[in-house]
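Reader: I am new to this structure and should be grateful for a close look at one part of it. Would you please take the salt bridges and explain how they are placed?

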Amino acid sequence: MSRAHAELPDGDLVVLARAGKDGGRAYAAIVARHKDALYRLILAHVRDADEALDLVQDSFVAAHAALGRFDTARSLRAWLSRIALNKCRDWARRRRVRAMLARVLPIETAAAVADDRVSDEAAAIDRESLTRTLAALDALPEGLRTPLILCAIEGLSQSEAAEALGLTVKAIELRVRRARAALRGATA
């Protein structure tokens, strides 16, 4: 980061980065200024240093793409933090989906689905399996799909899902069991 950029407030750096006339040095200064704070924030949420580094990078890429929408009268740190937290939520959602798939797919395929670092061939098979599972999930009646999504993907307890849907806990338990059985049959 150049000395001139280091002394500029965030709003001025954003204006320069939007203009793009300084070869990206203004955005590099933004990254240098905020990367440590975003890394700490993300690491506190994902508890994995490698994933946190990836999510910091994803956050800055997303921020760069959305820089035109940033209101320079607001706090850049807060805006970047919101983007980072959204990336953490997306990451957690993907993990919940993988965990849910591991529970509904046959036990032989669960290990491959849960592994983030799979071979290209395994990734293609996983994509095909995921496509089948998502299609089967879409084909479920709403009365089975929604309780399954609330409990297995969104992480609500059965009592929370029952409250949200105005049903009994026993009805939620039965619908989740039926939805999982239907998914197992559809993805077999």
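Author:
**Salt bridges in the predicted model**

In this predicted model, the side chains of Asp10 and Arg33 form a salt bridge, with a distance of 2.6 Å from N to O. Asp10 belongs to helix α2 and Arg33 to helix α3 (residues 25-46), so this pair ties together parts that lie 23 residues apart in sequence. Arg33 is partly exposed, because its relative accessibility is 24%. In general, side chains of opposite charge can pair when their charged atoms come close.

Helix α2 spans residues 10-19 and also holds Asp12. Asp12 is partly exposed, at a relative accessible area of 38%. Its C-alpha lies 8.0 Å from that of Thr72, although 60 residues separate Asp12 and Thr72 in sequence.

A further salt bridge joins Asp71 and Arg74, whose closest N and O atoms are 3.9 Å apart. Arg74 is exposed, with 60% relative accessibility, whereas Asp71 is partly exposed at 39%.

Another pair is found in helix α10 (residues 169-187), where Lys170 and Glu173 are three residues apart and therefore separated by about one helical turn. Their side chains meet in a salt bridge of 3.7 Å, N to O. Lys170 counts as exposed at 57% relative accessibility, while Glu173 is partly exposed at 27%. Lys170 and Glu173 also belong to a network of salt bridges that includes Arg177.

Across the whole structure, a search finds five salt bridges, among them the Asp10 and Arg33 pair described at the outset.

Technical notes: Residues numbered from 1 in each chain as written. Predicted model: local features only at pLDDT ≥ 70, side-chain atom pairs only at ≥ 80, totals over all residues. Heavy atoms only, no water. Helix = DSSP H or I, 4+ residues; strand = E, 2+ residues; numbered from the N terminus. Buried < 20%, exposed > 50% of the residue type's maximum accessible area, 1.4 Å probe, protein only. Salt bridge = Lys/Arg side-chain N within 4 Å of Asp/Glu carboxyl O.
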